[in-house]
Amino acid sequence: MDRGQWYRTRESNGACAVTITSAVAFGFADALVAASMMGSAGELPKQYIQGTSAGYASPRTSVLVSILRIMAKASLPQSPQGLRTSAHLCFVVSTATA
């Protein structure tokens, strides 16, 4: 689909607006929760603030799951069963590390 066709398609523009609005809403909600968590941790000793900050800054879970996803896509067959196994593996690892 080229750019001109995308602009002419009404459904795509509606879906794009919903996607962007959702991203903005989730970003706002995430910022609100992060500020609330830091405010709550601010009343506690400093190691709790440090732990809260480190928890937000640590991308280890997302990086691990991304690397696992790439390795699973490369090693498992591109069949429905292989994709299902890959999804289950990524779900289990992301749940265990979160």
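pLDDT is the predictor's confidence in each residue, on a scale from 0 to 100. The structure is a predicted model in which local features need pLDDT of at least 70 and side-chain atom pairs count only at pLDDT 80 or more, while totals for chains, interfaces and linings use all residues. Residues are numbered from 1 along each chain as its sequence is written, and side-chain values use heavy atoms, with hydrogens and water left out.

**Exercise 1. Confidence**

State the average pLDDT of the chain, and identify the elements with the lowest and the highest mean pLDDT.

Solution. The average pLDDT of the chain is 76. A score of at least 70 is reached by 76% of the residues. Among the elements, helix H1 (residues 3-8) has the lowest mean, 58, and helix H2 (residues 10-41) has the highest, 81. Where pLDDT is low, the predicted coordinates should not be read in detail.

**Exercise 2. Overall organisation**

Describe the secondary structure of the chain, its buried share and its accessible surface.

Solution. Helices (H or I, at least four residues) and strands (E, at least two) are DSSP runs, numbered from the N terminus. The chain has five helices and zero strands, giving the pattern α-α-α-α-α along the sequence. For burial, the classes are buried (under 20% relative accessible area), exposed (over 50%) and partly exposed (in between), with a 1.4 Å probe and protein chains only. Of the 98 residues in the chain, 10% are buried. Accessible areas come from the Shrake-Rupley method with a 1.4 Å probe, and for residues only the protein chains shown count as cover. The accessible surface is about 7700 Å², with 67% belonging to carbon and sulfur atoms.

**Exercise 3. Two residues of helix H5**

Determine whether serine 86 and glycine 82 are buried or exposed, and list their contacts beyond four places in sequence.

Solution. Serine 86 lies in helix H5 (residues 80-97), and glycine 82 is found in helix H5 as well. Serine 86 has a relative accessible area of 2%, so this residue counts as buried. Glycine 82 is also buried, because its relative accessible area is 4%. Contact means heavy atoms within 4.5 Å. With neighbours within four places in sequence left aside, serine 86 is in contact with Arg69, Ala72 and Leu76. On that basis, glycine 82 is in contact with Leu76 and Pro77. The C-alpha atoms of glycine 82 and alanine 72, 10 residues apart in sequence, are 8.7 Å apart in space.

**Exercise 4. Helices H2 and H3**

Relate methionine 38 to tyrosine 48 by accessibility and by C-alpha separation.

Solution. Methionine 38 is found in helix H2, and tyrosine 48 lies in helix H3 (residues 46-57). Methionine 38 has 30% relative accessibility, so this residue is partly exposed. Tyrosine 48 is partly exposed because its relative accessible area is 45%. The two residues are 10 apart along the chain, and 9.2 Å separates their C-alpha atoms. Leaving aside neighbours within four places in sequence, methionine 38 is in contact with Ile49, Thr52 and Ser53.

**Exercise 5. Contacts across the sequence**

Find what share of the contacts between residues at least 6 apart in sequence joins residues at least 24 apart.

Solution. Among the contacts in the chain between residues at least 6 apart, the share joining residues at least 24 apart is 24%.
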